[in-house]
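Please look at the sequence and the model shown here. The paragraphs that follow go through a helix pair, the nonpolar core and one buried residue.

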Amino acid sequence: LGEVLFEQMKVHEAVDALQHAIHVDPDSGSAHRLLGEAFIHFLQWKPAYDELVLAVDLNPDDSEAWYLCGSVLLQMNRCAEAKKYLERSLHLQPVYPAARAKYKSACAAVGEIEQTFEARTPNEVRQPSVPILTIN
């Protein structure tokens, strides 16, 4: 029910339903992830982080939960931690453009410029627009 309400953008009602679902089944990683997403909607970073940490603990293969937690950590200016969560998200789902973009932001924020270039997918590597001159 919480997921349906969230998809319908009835976020306040979704929060109530998700909190009830978690009360009934505290080990539901998906309910914790969705509740974290609802808190993100309200820009409530600390409660979102708390729920998303529970989500990844309960379901460590949920790449979306890892991505969301990393995104929240970036909002909280905890960039080094965010990088670790985003790395895990990309490990689980290598083709995840949003996670890759946030990962680059986290790397840049902690001063690891080389990492931002290593995080590029092969399609992002572009040839120089100006021909390279060689001297014989």
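Which residues in α2 meet which residues in α3? Val-11, Val-15, Leu-18, Gln-19 and Ile-22 in α2 meet Ala-31, His-32, Leu-34, Leu-35, Ala-38, Phe-39 and His-41 in α3; contact means heavy atoms within 4.5 Å, and helices are DSSP runs (H or I, at least four residues) numbered from the N terminus. These contact residues divide into nine nonpolar, three polar and no charged.

This is a predicted model, in which local features need pLDDT of at least 70 and side-chain atom pairs count only at pLDDT 80 or more, while totals for chains, interfaces and linings use all residues. Residues are numbered from 1 along each chain as its sequence is written, and side-chain values use heavy atoms, without hydrogens and water.

The axes of α2 and α3, lines fitted to C-alpha atoms over the stretch in contact, come within 9 Å and cross at roughly 150°. The two helices are therefore roughly antiparallel (angles over 145 degrees).

The largest nonpolar core (buried Ala, Val, Leu, Ile, Met, Phe, Trp, Tyr and Cys residues joined through side-chain atoms within 4.5 Å) has 33 residues, of which Tyr-49, Cys-69 and Tyr-85 touch the most other members. Helices α2 to α7 each supply at least two residues of this core, and the largest share, eight residues, comes from α5. Beyond its neighbours within four places in sequence, Cys-69 contacts Tyr-49, Leu-52, Val-53 and Tyr-85.

Arg-33 lies in helix α3. Arg-33 counts as buried (under 20% relative accessible area, 1.4 Å probe, protein chains only) because its relative accessibility is 17%. Not counting residues up to four places away in sequence, Arg-33 touches Leu-52, Ala-55, Asp-62, Glu-64, Ala-65 and Leu-68.

Methods. Buried means under 20% relative accessible area, exposed over 50%, partly exposed in between (1.4 Å probe, protein chains only). Axes are lines fitted to C-alpha atoms, for helices over the stretch in contact, and angles run from 0 to 180 degrees between N-to-C directions. Angles under 35 degrees count as roughly parallel, over 145 as roughly antiparallel, 65 to 115 as roughly perpendicular and the rest as oblique. Ala, Val, Leu, Ile, Met, Phe, Trp, Tyr, Cys and Pro count as nonpolar, Asp, Glu, Lys and Arg as charged, and the others, Gly among them, as polar.
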